[in-house]
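Q: I'm new to this one and would like a close look at a single part: the place where the two chains meet. Could you walk me through it and what surrounds it?

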Number of protein chains: 2
Amino acid sequence: MQDREILLSEFAGFCFGVKRAVELAEKKLFESKENSESIYSFGPLIHNPQVVKQLKEKGVKVIENIQEIKNNSSVIIRTHGIHPDIEEELKNKDITIVDVTCPFVRNVQNYAKQLKNEGYFIFLIGEKEHPEIKGILGYCGENSRVINSVQELFGIKIPQSVGVIAQTTQSITNFGEIVAYLSTIAKELKIFNTICWATEKRQQAAYKLAKVVDIMLVIGGKNSGNTRRLYEICKKVNNNTYHIETADELDNSWFTDKVKRVGITAGASTPDWIILEVIDRVKVI
Amino acid sequence: MQDREILLSEFAGFCFGVKRAVELAEKKLFESKENSESIYSFGPLIHNPQVVKQLKEKGVKVIENIQEIKNNSSVIIRTHGIHPDIEEELKNKDITIVDVTCPFVRNVQNYAKQLKNEGYFIFLIGEKEHPEIKGILGYCGENSRVINSVQELFGIKIPQSVGVIAQTTQSITNFGEIVAYLSTIAKELKIFNTICWATEKRQQAAYKLAKVVDIMLVIGGKNSGNTRRLYEICKKVNNNTYHIETADELDNSWFTDKVKRVGITAGASTPDWIILEVIDRVKVI
């Protein structure tokens, strides 16, 4: 056991939208005990396997297909939101909908609708396969394209009137680079900076911390986009950066005698109990 | 006399707006011969002292003050446009107005009006003292600010909803840098890339040419903003760059034996006869 300093990033763990989602799901579980109805979550509620497992044990079944839903049940719409067509289908069923779409994601969906109605071609900055993006894309219409880096724009025809929105957990640097490029080619741009406040603060704090520690631990779901970006940001300034989901993934060999300061951050869907478990485990390595 | 290659940039000299302005002024002069009315130009018609001098000799008097105008005269509104308050005053006078405001500048004025009406705080990219900017600013209203570089934004409060427009002859790189910075702070941006097509082409062609020649000559009025920017762009890639107004400013000492390739470009308000004079003079140095 070494004399090590453990520094937790100023902004780490559950964000507003995730906290709200988990609380609403817990509330629903509490209410359902009385009438023993089935509770479904349309896709995992948040991108943290441990939290999703806990909720499953309490009775929230994750489904990926609308056909799996029984009548007279409750369906929770995940934090990342869903495609408007699926939302419409759900509304037509004899079920109770518990919408825990993050309010910031809902904003992006509304901006997408607005830009579409105003006739802009929409560039949606984010990860093509991420459920948040798949949902928002449903509001963009045909004249839209998902891009993840400025390089993807090189050589493609940029329309005259361009609208830009982003996944709420995008990196602000990436966003600025893409906007700069588009502004030099398109004639008119309408841009909504939809990166959420918490994402920016978390990324900035993680970046600062990673620069001054000997090892940086980024805790969060492997399927969590915002956690992966935290990892990338930290890795750029500290080569000794690791992405772990739980304390079990800690490797003693990372903690050489030279490691005096340990930095820790966590994605927006990582619960406090996992962060505390990691801290406790690091203390005794 | 050396064996030198002279390369004229693909896009050099009179742009569409300047050509149109000079033609309309000449037409007015022709018509006025019949009724011997006075012709005024509100500020120099274009930023080329030689052309303005020629027009003066033909009868176009440059004025800077509305009080100088006699009744029953004609007033030409310069290519750069004027402040809407002055335009209004002119309309109330017993005079004929010949509006040669460049149509691209008129566009920027209209976008300024639109952004103001839509409630955006406007950042106008350009030179504070340039007449084009002074005119456009009149359409922006109180909630606006002229900036010339991204550095001017550091540390100042950026409003939530931002509109961006630019002087038609701005550098596209500068424009992109400013937009990138603003997009990472403001929540909503509406951007009109108002840099005119001719400006972009001229700057790109000059940049390419300056890189492959031994000396680069940039011809145009010392008061011409777009010529000054051409000079800056070329100077960055070729230290042997000179800004001259006429052939008389050529200095034999610039043309050493090592100078085999001479590059030439000219601002949007430089007439062909000045460009040809420079070429002829370089041939015999």
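A: Sure, let's start with the contact itself. On the chain B side, 19 residues are in contact with 19 residues of chain A. Keep in mind that this is a predicted model, so everything here is read off computed coordinates.

Put together, chain B and chain A bury about 1,500 Å² between them, and 49% of that is on carbon and sulfur atoms. If you want to know who gives up the most on the chain B side, look at Thr184(B), Lys187(B) and Asn193(B): these lose the most area to chain A, together 32% of what that side buries.

What holds hands across the border? The count of salt bridges between chain B and chain A is 0. Polar contacts are another story: there are 8 residue pairs of that kind between the two chains, with both residues at pLDDT 80 or more.

Now for the elements behind this. On the side of chain B that touches chain A, two elements give two or more residues: helix H6 (172–183) and strand E9 (188–192) of chain B. H6(B) gives the most, with 6 residues. Sorted by class, that side of chain B has 11 nonpolar, 4 polar and 4 charged residues.

Strand E9 deserves a slower look. Strand E9 of chain A, residues 188–192, is joined to E9(B) by 5 bridges, and the two run antiparallel. To find one spot in that pairing, pick Phe192(A): its bridge partner in E9(B) is Glu188(B). Glu188(B) also has a partner within its own chain, since Ser161(B) stands opposite Glu188(B). That second pairing belongs to strand E8 (residues 161–166) of chain B, which is joined to E9(B) by 4 bridges and runs parallel to it.

Step back and you can follow one sheet from chain to chain. It is open, has 8 strands, and goes in the order E7(A)-E6(A)-E8(A)-E9(A)-E9(B)-E8(B)-E6(B)-E7(B), with mixed pairing. At the edges stand strand E7 (144–147) of chain A and strand E7 (144–147) of chain B; each has a single partner strand, so one side of each is left without a neighbour in the sheet. Neighbouring strands here are turned by 20 degrees against each other on average, direction ignored.

The chain A part of this sheet has helices on it too. Helix H4 (residues 103–117) of chain A lies across strand E6 (121–125), strand E8 (161–166) and E9 of chain A, and runs at about 175 degrees to E8(A). Helix H5 (residues 131–140) of chain A packs on the sheet as well, touching E6, E7 and E8 of chain A, and its direction makes about 170 degrees with that of E6(A).

One last thing, back to salt bridges. The count between the chains was 0, but a search of the whole structure finds 32 over all chains. One of them is within chain A, where the side chains of Glu249(A) and Lys222(A) meet at 2.8 Å, N to O. Glu249(A) lies in the loop between strand E11 (241–244) and strand E12 (261–266) of chain A, and Lys222(A) in the loop between strand E10 (215–219) and helix H8 (225–237) of chain A, so the pair ties together parts that are 27 residues apart in sequence.

Conventions:
Residues numbered from 1 in each chain as written. Chains lettered and ligands numbered in written order. Predicted model: local features only at pLDDT ≥ 70, side-chain atom pairs only at ≥ 80, totals over all residues. Heavy atoms only, no water. Contact = heavy atoms within 4.5 Å. Buried area = accessible area lost by both parts, 1.4 Å probe. Salt bridge = Lys/Arg side-chain N within 4 Å of Asp/Glu carboxyl O. Polar contact = N/O pair within 3.5 Å; in protein donor to acceptor, adjacent residues only side chain to side chain. Nonpolar A, V, L, I, M, F, W, Y, C, P; charged D, E, K, R; others polar. Pairing = 2+ DSSP bridges. Axes fitted to C-alpha atoms, helices over the stretch in contact; angles between N-to-C directions.
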